[in-house]
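Here's a quick tour of a two-chain model, written for someone who likes to see the numbers next to the picture. Have the viewer open as you read.

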Amino acid sequence: MRDRLRHENPAFRADWVIIMLYLLLICAGWVSICGASHEIGDTDFFSWGTRSGKQLVWMGCSLGLGLFLLMIDEKYFDLFAEVFYYLMLIVLIITPFIAKDIKGSRSWISLGSVSLQPAEFAKCATALVVAKLVGQYGFMLSDMRNLLKAVGFVLLPLGLIVMQKETGGALVFLSFFLMFYREGMPGAILFTAAAAVVYFVVGIRFSEEIFPGTSAVSGQFMVLLIIWLFVCGLVRVYLPHTPHARRLFWTGLAVNAAAYLTSYFIKSYDVVWVQIVWTVLMAAYLIWHGLGERLRPYYLIAAFGVCSAAFLFSADFALDSLAEHQQGRVRVLLGMEVKEGLDYNVRQSKIAIGSGGLEGKGFMNGTQTKLKYVPEQETDFIFCTVGEEQGFIGSSLVLLLFLALILRLIWLAERQDTAFGRVYGYCVMSILLFHVFINVGMVMGLTPVIGIPLPFFSYGGSSLWGFTLMLFIFLRLDAGCKMRRRL
Amino acid sequence: MTTQDAFSNRRYVIGGIAIGIITIYIIRLLTLQLLSDDYRKSADSNAFRRDILYPSRGLITDRNDSLLVYNEPSYNILVTMNDQIGLDTLAFCETVGITVDDYVARCKQIKEQKGYSRFKPQLFMTQIPKEEFLLFREKLFRFKGFDIEKRTQRRYATNLAAHILGDVGEVSEKDIADAEDGYYKSGDFIGKLGVERSYEKQLRGEKGLRILLRDVHGRIKGHYRNGEFDKAPIPGKNLTLSIDMRLQALAERLLEGKLGAIVAIEPSTGEILCMASGPTYDPRLMTGRERSELHKQLMADPMKPMLNRAIMGMYPPGSTFKITQALIGLQEGIITPETAFPCARGFNYKGMHLGCHGHGSPIPLVPAIGTSCNAYFCWTLNNMLANRKKYHSQDEAMTRWKDFMVSMGYGYRLGVDLPGEKRGMIPNAEYYNKRLKKWGPLSVISISIGQGEVTATPLQICNLAATVANRGYYIVPHVVHSIQNGTLDTIYTTKHYTMAERRWYEVAVAGMRRAVTGGTCHGAAIPGYEVCGKTGTAQNRGHDHSAFMGFAPMEQPRIAVAVYIENGGFGATFGVPIGKLIMEQYLNGQLAPGSEAQAASLQSRHINYRGYER
């Protein structure tokens, strides 16, 4: 009887590794919230009036929610995926109209004394519906039409959340592309996106310097070198067994070196023009061979080179198209500007983390967070408290817990017997990874200040419930899979 | 079975991305938290407000416990540039009594200081007197960014003993750099002169520290770790000087209108009973904001009132020096107390003539001291330097002579506990070899009567008197009698024996007694005491310097005194009466009516120094 219960009840078949990691993370999160929200000498962590007390209630609710999700039949997730999704869209549409303006964003709906952020739950609904779409039999993401359809499902809530002026929350939806990559989206798309980021960062960062020995702008000079190397690399990967990659590399090296040395020793001039001509020549060379051999990669790589150059010269324009404060953030992040206020948050959070040292100052002994030097320290900047009070040991342990959770999710996703389960698993993992990547990078001054919470750590019911919901739906799917396979 | 598809290998790429991100982040944590100390320091400067708690400086009293130097509250105005919002500069300047130009200049000066931070309070004005402070405090709320800090200011009870007491002033950059423990911060005070400087460490105490936690709005949130790292200030120790202020007052009074110095020492302890230098200045003026201006003026004065002539003036000791020569001669066996030398109105030898006044001839030692016969001591030195039986060479004899002098406290700093002491000059063989190439006893003969190359400070002369009074030893003279809860340096309690034996000192005492009873300084006699003395009349480019040293009573001496009056003429003119009055005042605690009249007359006798090259 007992054995039967253990086998038939999915709550007993849930992956205990994930549950342990989850419990560890939310407990560590609660300790951090205590540290961040209390004043020195406070010992009252449990009363309803305090943030730590409230978080404890949210945590209790989450556990209830998780248990509930493990109990219900998994087919409902598949069945009602679209329903959830469209309901969510409607909520997202009406949110800006009924929401109060909080720091310029209209994304919080007040229900009595509790505020909810629908965007946190939209991630889960989108993951379900995308998983259902991609999980259909014979659905191939390498097919461009299918890909566009899937991307559409992702961009719809993204756009709606942007309308709530909650850019950070919207950007999270970009993490679905990691799952798309797993499900067969051409890697070239991911590579192109990464290349664009590299061009943008290098191009903007060095846009105000002159490369020594020339009269060329450093940023342009360096990006054009990178484009040449990328093109060589792409030719090597997509057109193996041809001499083109080698030729392009050595000729390019000769051309660039000659251009630079002329400028350095003879007369300083704008080397960039030579590089542009070289880029065009590379494209022409590839198209010429493409015409002969009739292979698509020739054209695509040629287009990549030319478009890259074009993107470089429009990067400034792209930056200008951002809002003033976002431009500022980009410049501050790239170390081009030191502006009071804009870099204040990051500077203070770096100070808080950096002052933690190896072992940290100890629970409730962090001065920077206690004395409110770090802004939003219970929510977006919660990792500062970990860094300051628990030091290098504590904070790297937290990062390793997240890594363990993510790798475990990949492992579990790969063992799903349904494409739906696998895709959903990757969605959950991608979203978690994106949150950790952006949030922790932000407090350490590595990624732009995009206001998104650190999963399980940041104070707030919506975020905690949103992640619990996502995670436990996946645990239920996994448990079902395990039961089917009699594992 | 698991779903396998064409892209399942991409799981490794994705896992790799996740591992890569976390690895980069852990490396970043490493650089932030372990490789740099800057963040911890920034964090501390963010969160900690370090208040320095200033100790009160030790008080200074004289040997009779009358208060000489004490503290009075004064106030500093501090400014935190970052908080200076919407300041009504004009109103501010009016309140503190400066012009707007001053204000601008001061702000510029502050910003250029080393270690300036616009978040930290900077010293704007110092030593605001109480009345001004009260006015300013009323309006303080209008001047955002300004703050008041309570400090103390030195106050002097009398206008006496400026050279001994010294003063305090703001630390210079050099003072800050020189302090090994990094104790001083800009704006702190430090002893600049006198005992304020030489006993700085004892007087200043130790600054305390209070670390307060300050939140992002600048509000104080209590003590850091409940005050675990706070430190209470340790008040400075009080000093009791060995100076007798009544004696000091008399000495300064007698020096009025004269350049010179008076020093008195208690022979048995080496304690300095009075040390006056003329001209002097009023230490009460050397406080507050005007100090540096006044200091500059005094430094520019051609009469050099800042110079403590008692320890910094290097004078030819004149005939007071003859006592040392008698002691050397006796100890070395060149003369005996019975040895008599002829004196035909001076020293005549190999065509050399050095004059003397009329007295009987030949004359033995004690009367020679009593009448201050030049010839006697010329013969003594000549016979010593020319003695090839006892000394192998003239150089050896000269070195022997020099060693005697050094053992008596000449030629080097005695080590008095006041800054700036000079060492005087005692020539040695090497010096003459270099300067004169070929020399003999006759070329240096004038050093035997305290002229020529020999110089000494009045303190060294007084120390000789004290050594004779002690019959052969001295204790390094010092002005501090005791330090509260502390002990004096052992050099101020150690007896230094000279190279001459006690029995020879008895002869010197007899000679000095003779000088008072029937010699050059009969004016030094005080009824009821057996006074011993020796005059000095030192030739120099101008009018002779008048010198005297003496001690009393002859048995169990209580005071040794030296007087040196620049261009005062014969020793008996100024030196003897002044020395007598000092001894009388100290021995009797007051002056007899006749002496009082003498003091008044000496006080009003000013020497005209115009025309003398200084």
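What follows goes from the two chains to their interface, and then to a few buried spots.

**The two chains**

Keep in mind that this is a predicted model. The table puts the basic figures for each chain side by side.

| Chain | Residues | Buried residues | Helices and strands | Share of contacts (separation of 6 or more) between residues 24 or more positions apart |
|---|---|---|---|---|
| A | 487 residues | 53% | 21 helices, three strands | 70% |
| B | 614 residues | 54% | 21 helices, 22 strands | 71% |

So much for the overview; on to where the chains meet.

**The interface**

How many residues of chain B are in contact with chain A? There are 39 of them, and they touch 60 residues of chain A. Put together, the two chains bury about 4200 Å², and 68% of that area sits on carbon and sulfur atoms. Three residues stand out on the chain B side: B:I14, B:Y25 and B:Q33 supply 17% of the area that chain B buries against chain A, more than any other three residues.

As for charge pairing, the rule finds one salt bridge across the interface of chain B and chain A. Its partners are A:E414 and B:R11, whose side chains come to 3.6 Å, N to O. Polar contacts between chain B and chain A come to nine residue pairs, with both residues at pLDDT 80 or more.

Which elements of chain B give two or more residues to the side that touches chain A? They are helix 1 (10-33), helix 2 (38-47) and strand 8 (208-214). Helix 1 of chain B gives the most, with 17 residues. Sorted by type, the residues on this side of chain B are 22 nonpolar, seven polar and ten charged.

**A helix under cover in chain A**

Helix 17 of chain A (residues 344-354) is worth a look from several angles. Eight of its eleven residues are buried, so this helix is largely enclosed by the rest of the structure. The buried ones are A:N345, A:V346, A:Q348, A:S349, A:I351, A:A352, A:I353 and A:G354.

What covers these buried residues of helix 17 of chain A? The cover includes helix 18 (367-370), helix 19 (382-414) and helix 20 (419-443) of chain A, together with helix 1 and helix 2 of chain B. Those two chain B helices are also among the elements on the side of chain B that touches chain A.

**Two buried spots in chain B**

Try B:E584 next, which lies in helix 20 (residues 575-588) of chain B. Is B:E584 buried or exposed? At 4% relative accessibility, B:E584 counts as buried. Setting aside neighbours within four places in sequence, B:E584 is in contact with B:I526, B:G589, B:Q590, B:L591, B:A592 and B:S595.

The other spot is a cysteine. B:C378 is buried too, with a relative accessible area of 0%. Why does B:C378 have no bond to the closest cysteine sulfur? That sulfur belongs to B:C373 and is 8.1 Å from the sulfur of B:C378, which is too far for a bond; the cut-off for a disulfide is 2.5 Å. Over all chains, the count of disulfides by this rule is zero.

Terms used
Residues numbered from 1 in each chain as written. Chains lettered and ligands numbered in written order. Heavy atoms only, no water. Contact = heavy atoms within 4.5 Å. Buried area = accessible area lost by both parts, 1.4 Å probe. Salt bridge = Lys/Arg side-chain N within 4 Å of Asp/Glu carboxyl O. Polar contact = N/O pair within 3.5 Å; in protein donor to acceptor, adjacent residues only side chain to side chain. Helix = DSSP H or I, 4+ residues; strand = E, 2+ residues; numbered from the N terminus. Nonpolar A, V, L, I, M, F, W, Y, C, P; charged D, E, K, R; others polar. Buried < 20%, exposed > 50% of the residue type's maximum accessible area, 1.4 Å probe, protein only.
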